[in-house]
Amino acid sequence: MQDFLRSLPKAELHLHIEGSLEPELMFALAERNGIKLPYASVDEAKAAYQFDDLQGFLNLYFQGMSVLCHEQDFFDLAMDYFKRASTEGVVHIDMHFDPQAHIQRGITLDVIMSGLLRAKQEAERSLDLSVGMIMAFLRDRPAEEALDVLEQAAPYWDQLDAIGLDSAERDHPPAKFVKVFNRAKEIGLARVAHAGEEGPASYILEALDLLDVCRIDHGIRCLESDEVVERLYEQQTVLTVCPLSNVSLKVVDELNGHPLPALLDKGLNITISSDDPAYFGGGLLANHLACEKAFGWDEDAFIALNRNAITEAFVPKSRREDLL
Ligand code: ES4
Ligand code: ZN
């Protein structure tokens with residue numbers, strides 16, 4: 001099964017590129033940029049990756065990305081993950097990135113975009129791995145700031161596939177970002193949002209109704225509302241479920257009790273992703289292997305999930321036909 005899962009062409013629709021920063025690269029970039037880390041060693045960093053909740057993780061996530069300063073750093077970050085993913089049989093990644101987290105530290109949007117877009121091109125050329133670009137906004141920061149970044153990104157609009165909404169969910173409902181998402185729609189960008197990870201099922205409805213998203217990232221708390229499950233079923237809205245992430249952030253107690261089988265039983269449009277692989281115990285292959293162990297899914301189940309993912313991903317049509 002391990003060989004089958006590795007060789008199965010896989011797509012992930014929910015990956016934060018800053019969350020793919022392995023401690024080894026974090027230390028190398030810290031040294032290159034003269035930045036002091038709060039860890040003495042790679043092992044000490046890894047040992048710190050024990051989280052009580054989403055906020056506990058976000059604190060280390062923002063800390064870790066402080067080593068990213070130059071265009072080359074963003075390129076190295078992304079290529080490091082793309083190469084690893086490619087050896088795991090990943091053929092497409094829709095990549096979230098968090099410009100506000102870098103702009104806040106004095107890094108320009110041009111530095112971020114040039115590094116990431118160069119890595120996307122290189123992956124498409126040398127790894128036969130396609131990459132979708134999702135510019136995500138931090139929901140715990142002001143909506144006006146997000147709108148400003150979206151306008152600043154005008155030179156890059158035609159290279160973006162979508163905008164997203166991430167970071168601390170509780171008390172930051174989708175409604176806060178209506179203006180930003182309306183503007184993205186006007187520009188012609190697709191829209192996705194994290195909802196129903198730590199936040200309530202009602203945030204999923206809000207994201208559908210007010211932000212007109214085509215995809216819900218996580219969404220697992222939909223099971224707390226029959227109305228929300230019904231909506232997701234009727235529209236067949238994609239959910240990007242991240243099993244190892246949910247265990248790491250204690251959204252669920254253990255993988256054996258994860259609602260994935262229940263979500264599939266309801267006929268929902270499910271895909272599997274890794275979210276922040278450097279922090280949550282592995283990439284897309286590790287997430288597949290963990291699901292096989294916990295749920296005993298057979299080969300056909302994984303084939304179906306990845307056909308779904310490839311169908312729904314931000315992939316050019318001609319490539320989609322090749323991949324399916
Ligand atoms: C995230 Cl797991 C998760 N949830 C919300 N925002 C995020 N940003 C990076 N990882
Ligand atoms: Zn996420």
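**Exercise 1. The shell around ligand 1**

By class, how many nonpolar, polar and charged residues does the shell around ligand 1 have?

*Solution.* Note first that this is a predicted model.

Step 1. List the shell. The residues around ligand 1 are H16, G19, L54, Y61, D166, S167, H194, E197, S245, D275 and D276.

Step 2. Sort by class. Gly counts as polar, and Tyr as nonpolar.

Step 3. Read off the result. The shell holds two nonpolar, five polar and four charged residues.

**Exercise 2. One residue of the shell**

Place D276 in the fold, then decide: is D276 buried or exposed?

*Solution.* Step 1. Locate D276. The residue sits in the loop between β8 (269-272) and α14 (284-295).

Step 2. Apply the cut-off. A residue is buried if 20 or more other C-beta atoms lie within 10 Å of its own. D276 has 27 C-beta neighbours inside 10 Å, so D276 counts as buried.

Step 3. Find the contacts. Residues up to four places away in sequence are not counted. D276 then touches H16, G19, Y61 and S245. H16, G19, Y61 and S245 also belong to the residues around ligand 1.

Step 4. Check the record. In an unreviewed UniProt entry, the annotation "binding site" covers D276.

**Exercise 3. The sheet**

In what order do the eight strands of the open sheet stand, and which are the edge strands?

*Solution.* Step 1. Give the order. The sheet runs β1-β2-β3-β4-β5-β6-β7-β8, with parallel pairing.

Step 2. Name the edges. β1 (10-16) and β8 each pair on one side only, and they are the edge strands.

Step 3. Add the twist. From one strand to the next, the average is 25°.

Step 4. Look at one pair. Strand β6 (residues 215-218) and strand β7 (residues 238-241) run parallel, joined by three bridges. I216 has L239 in β7 as its bridge partner.

Step 5. Add a helix. Helix α10 (residues 201-211) lies across β5 (190-195) and β6. Its angle to β5 is about 165°.

**Exercise 4. Strand β3**

How many residues of strand β3 (residues 130-138) are buried, and which point each way?

*Solution.* Step 1. Count. Nine of the nine residues of β3 are buried.

Step 2. Recall the rule. In a regular strand, side chains alternate between the two faces of the sheet.

Step 3. Split the strand. S130, G132, I134, A136 and L138 point one way. V131, M133, M135 and F137 point the other way.

Step 4. Find the neighbours. Six bridges join β3 to strand β2 (residues 90-97), and the two run parallel. F97 stands opposite M135. Five bridges join β3 to strand β4 (residues 162-166), again in parallel. F137 has L165 in β4 as its bridge partner.

**Exercise 5. Two helix residues**

L25 and F75: which is buried, and which is partly exposed?

*Solution.* Step 1. Place them. L25 lies in helix α2 (residues 23-33). F75 lies in helix α5 (residues 71-87).

Step 2. Compare with the cut-off of 20. L25 is buried because 20 other C-beta atoms lie within 10 Å. F75 has 19 C-beta neighbours inside 10 Å, so F75 counts as partly exposed.

Step 3. List contacts beyond four places in sequence. L25 is in contact with D76, L77 and D80. F75 touches G115, R118 and A119.

Step 4. Compare sequence with space. L25 and D80 are 55 residues apart along the chain, yet their C-alpha atoms are separated by 8.3 Å. F75 and A123 are 48 residues apart in sequence and 11 Å apart in space, C-alpha to C-alpha.

Notes. Residues numbered from 1 in each chain as written. Chains lettered and ligands numbered in written order. Predicted model: local features only at pLDDT ≥ 70, side-chain atom pairs only at ≥ 80, totals over all residues. UniProt positions renumbered as here; feature names shortened; annotations may be inferred. Helix = DSSP H or I, 4+ residues; strand = E, 2+ residues; numbered from the N terminus. Buried ≥ 20, exposed ≤ 12 C-beta atoms within 10 Å, placed from the backbone. Contact = placed C-beta atoms within 7 Å. Near = placed C-beta within 6 Å. Pairing = 2+ DSSP bridges. Axes fitted to C-alpha atoms, helices over the stretch in contact; angles between N-to-C directions.
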